[in-house]
Amino acid sequence: MHIAVLGTGAVGRAHAARLTTLGHQVTIGTRDVEATLARTEPDTMGTPPIQPWLTQHPGVRLAGFATAAAGAGLLINATAGHATLDALHAAGADHLAGKTLIDTAVPNDFMTSVDRPMPTLWGIPAPLLDPVGGDSLAEQIQRAFPETRVVKALNTMAAHVMVEPTALADGDHTVLLSSDHADAKQQTTDLLATYGWRDIVDLGDLTTARATEMLQPLYLALTRALGHEHHGLKVVR
Ligand SMILES: NC(=O)c1ccc[n+]([C@@H]2O[C@H](COP(=O)([O-])OP(=O)(O)OC[C@H]3O[C@@H](n4cnc5c(N)ncnc54)[C@H](OP(=O)(O)O)[C@@H]3O)[C@@H](O)[C@H]2O)c1
């Protein structure tokens, strides 16, 4: 299948690399191809420039968000949460319509500052979440693109764990799904199974994405406590 991975960071690259090894045709979407290829410094998340990575992954194509989305049968959103709606508008509603969009984003709000001490991770203050509680980024996407089938998944773990769950605890941990669309959940479940996921819990409709998006502070606290991102959640029942 031709899959568009929207986002050039660690998450986008992890999915693109894994999907090509699984035999998919993959295009990574970015705002401005020339500007992205011209970068020579790591981004604010510490992710190195993409040009050398593309050389090491010749099966992955880089394109603008719209071109990447236009040719795809399935989409993965791996853009910064505060910019996801802008990125998807740049991709174009017509190019997203009728397709499943797996949304891995966390709605980190780096804009709002608070005048009280915030927990830090790797020396960086943890961002607030926005929206939180009564709404979710996944629902915002679904409202903005009603003809797209949004599935929230994979946002509760690090990029490398998303695409290779068996690298952790022999794969005996849980990925959570939320969507209003049964067929999109099934398509996502099938893809996750090819990644190696065995414990896939369907939480229900897209309002349940509020719960998984709100797990971000727990993810950061665990990462801080353990000193690494090589961890996942297990729902024991
Ligand atoms: N890193 C992880 O392990 C991890 C784990 C769980 C969830 N997540 C979530 O997954 C998503 C991707 O994370 P990441 O660390 O791979 O990358 P990221 O740095 O959060 O996002 C990079 C992508 O966001 C795009 N972007 C940034 N600002 C934009 C704007 N103003 N308009 C349009 N697009 C914009 C960038 O476009 P350009 O390509 O044009 O620069 C790039 O493609 C995020 O929502 C993150 O919270 C990350």
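**Exercise 1. Locate Ala-169 and Asp-170 in this predicted model and describe their backbone.**

Step 1. Ala-169 sits in the loop that joins helix H8 (159-163) to strand E11 (174-179). Asp-170 belongs to the loop between H8 and E11 as well.

Step 2. Now take the phi angles. Most residues other than glycine have a negative phi. Ala-169 is not a glycine, yet its phi is positive, about 45°. Asp-170 also has a positive phi, near 55°.

Step 3. Are these residues buried or exposed? Exposed means over 50% relative accessible area. Ala-169 has 56%, so Ala-169 is exposed. Asp-170 has 60% and therefore counts as exposed.

**Exercise 2. Find the peptide bond from Asp-130 to Pro-131 and state its geometry.**

Step 1. Pro-131 is part of the loop between strand E9 (128-129) and H7.

Step 2. Most peptide bonds are trans. The bond from Asp-130 to Pro-131 is cis, with omega near 5°.

**Exercise 3. Describe which residues of helix H7 are buried and what covers them.**

Step 1. Helix H7 covers residues 137-144. Its buried residues are Leu-137, Ala-138, Glu-139, Ile-141 and Gln-142.

Step 2. Which elements cover them? The cover includes three strands and two helices, as listed here:
- strands E4 (74-77), E5 (100-103) and E10 (149-153)
- helices H5 (84-91) and H10 (209-213)

**Exercise 4. Characterise the packing of helix H1 against helix H9.**

Step 1. Two packed helices are described by the angle between their axes and the distance between the axes. H1 spans residues 10-21 and H9 spans residues 182-195. Their axes come within 11 Å and cross at roughly 80°.

Step 2. Angles of 65 to 115 degrees count as roughly perpendicular. H1 is therefore roughly perpendicular to H9.

Step 3. On the H1 side, the contact is made by His-15, Arg-18 and Leu-19. On the H9 side, Leu-191, Thr-194 and Tyr-195 take part.

Step 4. Sorted by type, the residues of this contact are 3 nonpolar, 2 polar and 1 charged.

**Exercise 5. Compare the settings of Gly-12 and Thr-55.**

Step 1. Gly-12 is in helix H1, and Thr-55 is in helix H3 (residues 50-56).

Step 2. Buried means under 20% relative accessible area. Gly-12 has 0%, so Gly-12 is buried. Thr-55, at 58%, counts as exposed.

Step 3. What does Gly-12 touch, leaving aside neighbours within four places in sequence? Its contacts are Val-5, Gly-7, Ile-28 and Ala-78.

Step 4. Set separation in sequence beside separation in space, C-alpha to C-alpha. Gly-12 and Ala-159 are 147 residues apart in sequence and 8.2 Å apart in space. Thr-55 and Ala-221 are 166 residues apart in sequence and 35 Å apart in space.

**Exercise 6. Count the cavities of 30 Å³ or more and describe the largest cavity.**

Step 1. Rolling a probe the size of a water molecule over the atoms shows where empty space is left. The count comes to 1 cavity of 30 Å³ or more.

Step 2. How much space lies in the largest cavity? The volume is about 50 Å³.

Step 3. The lining is formed by Thr-156, Leu-215, Leu-218, Tyr-219, Leu-222, His-231, Gly-232 and Leu-233.

Step 4. By type, this lining has 5 nonpolar residues, 3 polar and no charged.

Note on methods: Residues numbered from 1 in each chain as written. Predicted model: local features only at pLDDT ≥ 70, side-chain atom pairs only at ≥ 80, totals over all residues. Heavy atoms only, no water. 1 Å grid on protein atoms, 1.4 Å probe; cavity = no way out; pocket = protein on both sides within 12 Å on 5 of 7 lines; lining within 4 Å. Points joined across faces, edges and corners; volume = space filled by probe spheres on them. Nonpolar A, V, L, I, M, F, W, Y, C, P; charged D, E, K, R; others polar. Axes fitted to C-alpha atoms, helices over the stretch in contact; angles between N-to-C directions. Helix = DSSP H or I, 4+ residues; strand = E, 2+ residues; numbered from the N terminus. Parallel < 35°, antiparallel > 145°, perpendicular 65-115°, else oblique. Contact = heavy atoms within 4.5 Å. Buried < 20%, exposed > 50% of the residue type's maximum accessible area, 1.4 Å probe, protein only.
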